[in-house]
Each structure stands twice: as C-alpha cells, then as structure tokens.
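This report describes one structure in running text, with a small table for values that can be set side by side. Please look through the sequence and the 3D view before reading on.

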Amino acid sequence: MKINKQTYQKYAKQRAPSSPLFKDMFFAFLIGGLICAFAEGIYNLYLYLKIDETTVRTLVPVTLVFIATLLTGIGVFDSIAKYAGAGTLVPITGFANAVVAPALDDKSEGLVMGVGAKMFTIAGPVIVYGVIASVIYGVIYWISGVIS
Amino acid sequence: MNTWEKAESEMQRLAVNLALAKSNIRSNDLDAVFAGDLMNQCVGSSYGAECFNRPFFGLYGACSTFAEGCILASLLVDSGSFSRCGVIASSHFCTAERQFRYPLEYGGQRTPTSQRTATAAGSLIISCEGNGPYIREVLPGTIVDFGITDINNMGAAMAPAAYDTLTKYFAESGKSPSDFDLILTGDLGKEGHSIICDFMKNAGYDMYKSYNDCGLMLYNADTQDMHAGGSGCGCSASVIAGHIMKRFEKKTLSDILYIATGALMSPSSLQQGRSIPGIAHLVRICDSRDKE
C-alpha cells in the first residue's frame, strides 16, 4: 500500500480529536470572569480604604500580579490554568505566570543567563510587539489630533 | 540533587546498577555502555554513565533510543567483538518539558493528541552467555517523513515509520502478526496506535489481537491525565526492561516484536517550519535461541 503525503496529512488532521471547545470556553469564561470580578472587588476595597483613584489603578494590577506570581511559585497556577485556559492567560495573571515560570525553571543556570535571560522567553515577544503596537497607536492618535 | 538533569542521570545509574545486580555481574565486566536520553548533547547519559568508567557510546534516537542501543549492542555481541554490553535509555518529564515545550509551571492547556514525557529509565545487559531471553532478529529503521508538523501529535508523525518497518519485516520474514505473542510499538500513543491498526489492516495484516503500545501501557489512561499516552526514551525502555522481561521470566511470553519509534525533530527545526521525521527500529525478543 502506497501512502501519499498530502493524503496522510489530511487523514491525520481529520482523525485527531480536537480540544473540547465548549468546555474550554465555559471554564475560561467562568474563571476569567471570576478573576475580573475579584479585581473589581479589590478595586472597590482600595477605594473604600481611602486610597486615591490613580494609585488604585496601579495597585489592582500589582495585586493580581503578586497573587499570580505566588500561585506560580507554589505550583498551583498551572493546575488552575489547565482548566481555565484563556481565563487565566488573558488577564494580567497569564503574563505574570509567563515571566515567573521560566525564571523558576532556569534558576539552576544562574542569576544572569538563567533567571535573567530566560524569564523573557515567553513574555519577551509580548513586550516587544506590545511596545511597538503602542508606539504605532500613539502616532495614529497624534496625527488624528493634528488633523481635527 | 538540585537539578532535574542530575536526577535523570541518577535514574540511569540506578537502572544500570539494578540490571547488573540482576545479571550477577559487575560494571567492570561490561565491554561497552550504549546510552541515550532526550537532553541536548545527550548529557543525561554522559553524566549517568560516567561513574561506570566503561567504554561509552552516546546515542540519540529520540524515543527509539532504547531499541537503537539494543540493535547495536546485540550486533556487536553477536559478531564476537564484545561479550557484554549495557544498554540504557532514560527520559524525565521535567528535563524534556522545559527543553521541547514550555516551562514546568507555565499555565497552558494541552491538546488531546499530545503525549506526556515519561519520567522513567530502563536498562538491559546484552550478553553472549546466559539463559535469555534472546534478541533473535533486528531491523533498523529508515527515516520516514510524511510532513506532519504538529508537535502535539507525534503519534501521527511517527506512525508511518512504524508502518514502514513493520511491513518490511513481515514481507521479508514471511511472518504475520499472529505468529507473535505481542507486538509492541515504542510510544505512538492513542493516535499512532489506531493509525497503525488502520494501515496494517489495509495492508492485509490483522494487528488487533496482539498489538499494544508502550506509551499506552505505562500509565493508567483512566486515572492518570496523560492525554494520548506516555512518550520519551524511558517509556519503552522501562516497559521492556521491567514489565516485559518479567513476563518472559514467568513464561507468559515467548516471542515478541518490539518496534521503538522516535520523532527526530528539534525545537528549532519545528520553529523553522520543518516537518517531523520519524524512525522505527525493530527488535524481536524470543525465549529460545533457535526459534524460527
């Protein structure tokens, strides 16, 4: 029996079971929503504690990053993310995890080339293209301001 | 022991020591050690075999490494060049994961076709004397690439190689799957296992009765979250050197085919968009030296 490469690739793709999309989306919605509701809660808590609003806007992401970092460090984050998927990935918690996880892994290779360099293997591209995108957006914003 | 890499080397050392103890020989009796693992530059084996101070061959055949070692060692012993060789292969989830995929604590989801690298090591002593079991026949595989690029579906990437080696063996030997107590592929997982069953059926060989896969045997698919099954050099090495050898001892097996499959890609080759080349080495293990 001779097998054609293209036919095989199609066959392999077709027969491979796909991820349970509805289950994944449901948990992403649920846990992602809970994280956002929690953030909203601490936002109100900080305001209630009479902290001024500009500081609170910085304080809320800092709190979320701290919690995500702590959960990554004690090995709980990935167990939650296994079910939450995009629910933990999309909020700032996912970014914190993406920096801390490689830093933890590579601490055996030293503080400079291990932790220092490898902590950006996943988050690095996000930072680079995030900054570039924000510059482009800024230029467009500025031009639209000049025109009008 | 403060790194996963050191742990993997220690696993190799322990496995070889266990095999030596069971064979009742000392490490100095070994003429050579054939070792392999999944780490860059094969360091798990270099550090693992260092303490034995014996002639050393480091092998890389991804998950097919154990069969590769068995083939080379048995041919060299059969030719009379060596009298006794140690074969060892290992893999560690934590060393492989951070090298091939994501950091350990990274919160990602796996696809149902992905396989999990087994934390395992297995070792055999291939000797010119002893009471068996015996390596009766070997068939080294060729590299087969059907253009699969999905690292999360290695079963599909390696299955054509296993199919190629199996059909070559059956055509050359004139045997059929029913002549064997067990036909074991290395670690094709759920996907690869069913692809092999399908393809072999189309080629006129009924595999269903005697065919199993080490990646499916190592874990309990119902209670352990392994997705498509286990993988890694240590997966088939530990199943063969542990479970299968014990079954030979109990005489519940007398003639098996072991086809270890390997996916020979690197993270860089995948990022450059290249497909995953597969390989499958076949080793026939019998309880008698003269079995036809």
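Read along its sequence, chain A of this predicted model follows the pattern α-α-α-α-α-α-α-α. In terms of counts, chain A has 8 helices and 0 strands. The radius of gyration of chain A is 21 Å, well over the 15 Å that the globule rule gives for 148 residues, so chain A is more spread out than a compact globule. Taken along the principal axes, the C-alpha atoms of chain A fill a box of roughly 75 × 50 × 40 Å.

Chain B contains both kinds of element, with 9 helices and 11 strands. Its radius of gyration is 18 Å, close to the 19 Å that the globule rule gives for 292 residues, so chain B is as compact as a globular protein of that length. The C-alpha trace of chain B spans about 50 × 50 × 35 Å along its principal axes.

The table lists burial and contact values for each chain.

| Chain | Residues counted as buried | Contacts (separation of 6 or more) that join residues 24 or more positions apart |
|---|---|---|
| Chain A | 22% of 148 residues | 59% |
| Chain B | 52% of 292 residues | 79% |

Within chain A, one helix pair can be described in detail. The axes of helix 3 (residues 53–73) and helix 6 (residues 92–105) of chain A come within 8 Å and cross at roughly 40°. Helix 3 of chain A and helix 6 of chain A are therefore oblique to each other, and their crossing is right-handed. On the side of helix 3 of chain A, the residues that meet helix 6 of chain A are A:Pro61, A:Leu64, A:Val65, A:Ala68, A:Thr69, A:Thr72 and A:Gly73. Their counterparts in helix 6 of chain A are A:Ile92, A:Thr93, A:Ala96, A:Asn97, A:Val100, A:Ala101 and A:Leu104. Sorted by class, this contact has 9 nonpolar, 5 polar and no charged residues.

Helix 6 of chain A also takes part in the interface between the chains. In that interface, 28 residues of chain A are in contact with 22 residues of chain B. On the side of chain A that touches chain B, at least two residues each come from helix 1 (5–15), helix 4 (77–84), helix 5 (86–89) and helix 6 of chain A. Helix 6 of chain A gives the largest share of that side, 7 residues. By class, the residues of chain A that touch chain B divide into 14 nonpolar, 9 polar and 5 charged.

Some local backbone features remain. A:Lys50 lies in the loop between helix 2 (21–48) and helix 3 of chain A. Its phi is near 65°, a positive value in a residue other than glycine. A:Lys50 is exposed, with 6 other C-beta atoms within 10 Å.

In chain B, B:Ala62 has a positive phi of about 50° although it is not a glycine. B:Ala62 is placed in the loop between strand 2 (56–59) and helix 3 (65–78) of chain B. Is B:Ala62 buried or exposed? With 28 C-beta neighbours inside 10 Å, B:Ala62 counts as buried.

Chain B also has a cis peptide bond, which joins B:Gly132 and B:Pro133, with omega about 5°. B:Pro133 is in the loop between strand 5 (120–127) and strand 6 (134–139) of chain B.

Conventions: Residues are numbered from 1 along each chain as its sequence is written. Chains are lettered from A and ligands numbered from 1 in the order in which they are written. This is a predicted model: local features need pLDDT of at least 70, side-chain atom pairs count only at pLDDT 80 or more; totals for chains, interfaces and linings use all residues. Axes are lines fitted to C-alpha atoms, for helices over the stretch in contact, and angles run from 0 to 180 degrees between N-to-C directions. Helices (H or I, at least four residues) and strands (E, at least two) are DSSP runs, numbered from the N terminus. Angles under 35 degrees count as roughly parallel, over 145 as roughly antiparallel, 65 to 115 as roughly perpendicular and the rest as oblique. A crossing is left-handed if the near helix is turned anticlockwise from the far one by less than a right angle, and right-handed if clockwise. Two residues are in contact if their C-beta atoms, placed from the backbone, lie within 7 Å. Ala, Val, Leu, Ile, Met, Phe, Trp, Tyr, Cys and Pro count as nonpolar, Asp, Glu, Lys and Arg as charged, and the others, Gly among them, as polar. The radius of gyration is taken over C-alpha atoms; the globule rule is 2.2 Å times the number of residues to the power 0.38. A residue is buried if 20 or more other C-beta atoms lie within 10 Å of its own, exposed if 12 or fewer, and partly exposed in between; C-beta atoms are placed from the backbone.
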